[in-house]
Amino acid sequence: MMPQLQPRLGTRAGLAGRCVTLLAGLCLLVMPVMAQDGSGGEPGSGLEVMAPNVSIEAFQRITPAGQKVPLRVSLFNLKAATVTAYSASLDEIIPNSAALLADEDAPESVAKRLEGLKLSGRSAVASADVRLSTFYKDSWRDKEVGLSLGSGVYVVVVSGGGAQRRTWLAVSSRGLLVKQSPDKVLAWLTDMKTGAPVKGVPVAVYGSKGRGGEGKTDGDGLVRFKPTGEDQVCLVATLSGPPAFCSSYPPDALPPLKCYTYTDRPVYRPGHLVRFRGTLRAVTPQGYTIAEDVKTVEVKINAPGGGTVY
């Protein structure tokens with residue numbers, strides 16, 4: 001009978017033998033965990049499954065009329081959910097410009113206003129079922145959904161597994177561009193497809209306290225407002241027809257004076273005389289003027305280290 005040869009530690013055969021033994025041990029340890037994980041968190045598996053959740057995202061706030069509204073729906077520990085759209089007004093969602101700046105957890109924020117908006121008495125204008133072909137426990141899965149909606153402002157709700165999330169969007173054939181200067185707010189309303197100006201549409205500007213000035217677009221699609229007087233964003237929106245809205249920040253405050261200084265050459269040798277000249281002007285919203293009230297100015301030259309050399 002042939003004696004059994006034991007591989008020595010350190011030899012190739014010995015290392016292979018120990019690797020097989022370790023791998024076998026790992027299989028014994030890992031396989032039960034994988035079996036529990038594959039059980040889907042059933043009672044007695046020893047694994048806790050997180051609660052289902054949903055999320056919804058609008059790819060763009062305003063979708064051109066005639067196109068499907070693109071949405072991204074995300075499901076967590078769910079295979080199916082329902083997306084439903086309800087008509088709303090812009091004033092319900094953004095009653096003032098302060099809502100645009102508020103933190104998401106603040107009661108006056110857009111997010112909190114959406115959560116508190118009552119939809120029980122409203123009829124759904126569109127809905128879609130979202131179903132996933134594959135499902136992974138404790139993992140988010142995304143799916144894109146398209147809704148066919150007419151012109152208007154909408155609150156879109158995704159619900160499933162006891163969870164619910166909301167977003168808002170608009171569908172319109174109009175586009176609105178807003179610019180601000182220190183003494184004027186200018187809005188320009190046009191048709192999205194043709195670019196032609198839209199005449200005779202009532203438009204309002206919103207400040208932190210709500211709706212302010214109102215006006216109608218002229219033959220060039222323009223309407224002008226006085227600034228809200230607040231150093232923050234304002235919102236301009238149409239009041240009838242296909243919705244159009246745009247936010248705008250005020251320009252930076254103008255400095256009272258501006259000076260342009262230059263030297264007679266770009267580089268000097270040590271000890272050379274440096275000659276310089278400056279031009280001082282008063283700054284107004286209309287441009288630069290002579291600073292008649294300024295008779296003398298103080299000139300200071302600082303070294304790279306911060307010390308004053310002149």
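The following exchange concerns surface patches, backbone angles and strand pairing in a predicted model.

Modeller: Residues are numbered from 1 along each chain as its sequence is written, and side-chain values use heavy atoms, with hydrogens and water left out. In this predicted model, local features need pLDDT of at least 70 and side-chain atom pairs count only at pLDDT 80 or more, while totals for chains, interfaces and linings use all residues.

Colleague: In the loop between helix 3 and helix 4, is E108 buried or partly exposed?

Modeller: E108 is found between helix 3 (98–101) and helix 4 (110–116); helices (H or I, at least four residues) and strands (E, at least two) are DSSP runs, numbered from the N terminus. Buried means under 20% relative accessible area, exposed over 50%, and partly exposed in between (1.4 Å probe, protein chains only). Because its relative accessible area is 44%, E108 is partly exposed.

Colleague: Which residues gather with E108 in a patch of negative charge on the surface?

Modeller: A patch is made of residues with over 30% relative accessible area and no salt bridge, like charges being joined within 9 Å and nonpolar side chains (Val, Leu, Ile, Met, Phe, Trp, Tyr) within 5 Å. A salt bridge is a side-chain nitrogen of Lys or Arg within 4 Å of a carboxyl oxygen of Asp or Glu. The residues that join E108 in this patch are D103, E104 and D105.

Colleague: How much accessible area do the residues of the nonpolar patch with V297 have together?

Modeller: V297 lies in the segment after strand 18 (287–290), and it counts as exposed because its relative accessibility is 57%. The other members of the patch are V274, F276, V299, I301, V309 and Y310. Accessible areas come from the Shrake-Rupley method with a 1.4 Å probe, and the patch has about 630 Å².

Colleague: What phi does N77 have, although it is not a glycine?

Modeller: Most residues other than glycine have a negative phi. N77 is placed in the loop between strand 3 (69–76) and strand 4 (80–88), and it counts as buried because its relative accessibility is 10%. Its phi is positive, at about 55°.

Colleague: Where is D138, which also has a positive phi?

Modeller: D138 is not a glycine, and its phi is about 55°. Because its relative accessible area is 26%, D138 is partly exposed. Its place is the loop between strand 5 (124–131) and strand 6 (140–147).

Colleague: Which residue of strand 10 is the bridge partner of L176?

Modeller: Strand 9 (residues 174–181) and strand 10 (residues 184–191) run antiparallel and are joined by eight bridges; two strands pair if DSSP finds at least two bridges between them. A hairpin of two residues connects strand 9 to strand 10. The bridge partner of L176 is L189.

Colleague: Which residue of strand 7 stands opposite T82?

Modeller: Strand 4 is joined to strand 5 by seven bridges in an antiparallel arrangement, with A85 opposite A126. Seven bridges also join strand 4 to strand 7 (residues 152–160), and these two run antiparallel. Opposite T82 stands S159.

Colleague: How far apart in space are V205 and S247, C-alpha to C-alpha?

Modeller: V205 lies in strand 11 (residues 202–207) and counts as buried because its relative accessibility is 3%. V205 and S247 are 42 residues apart in sequence, and their C-alpha separation is 9.4 Å.

Key:
Lys and Arg count as positive and Asp and Glu as negative; His and the chain ends are not counted. The place of a charge is taken as NZ of Lys, CZ of Arg, CG of Asp or CD of Glu.
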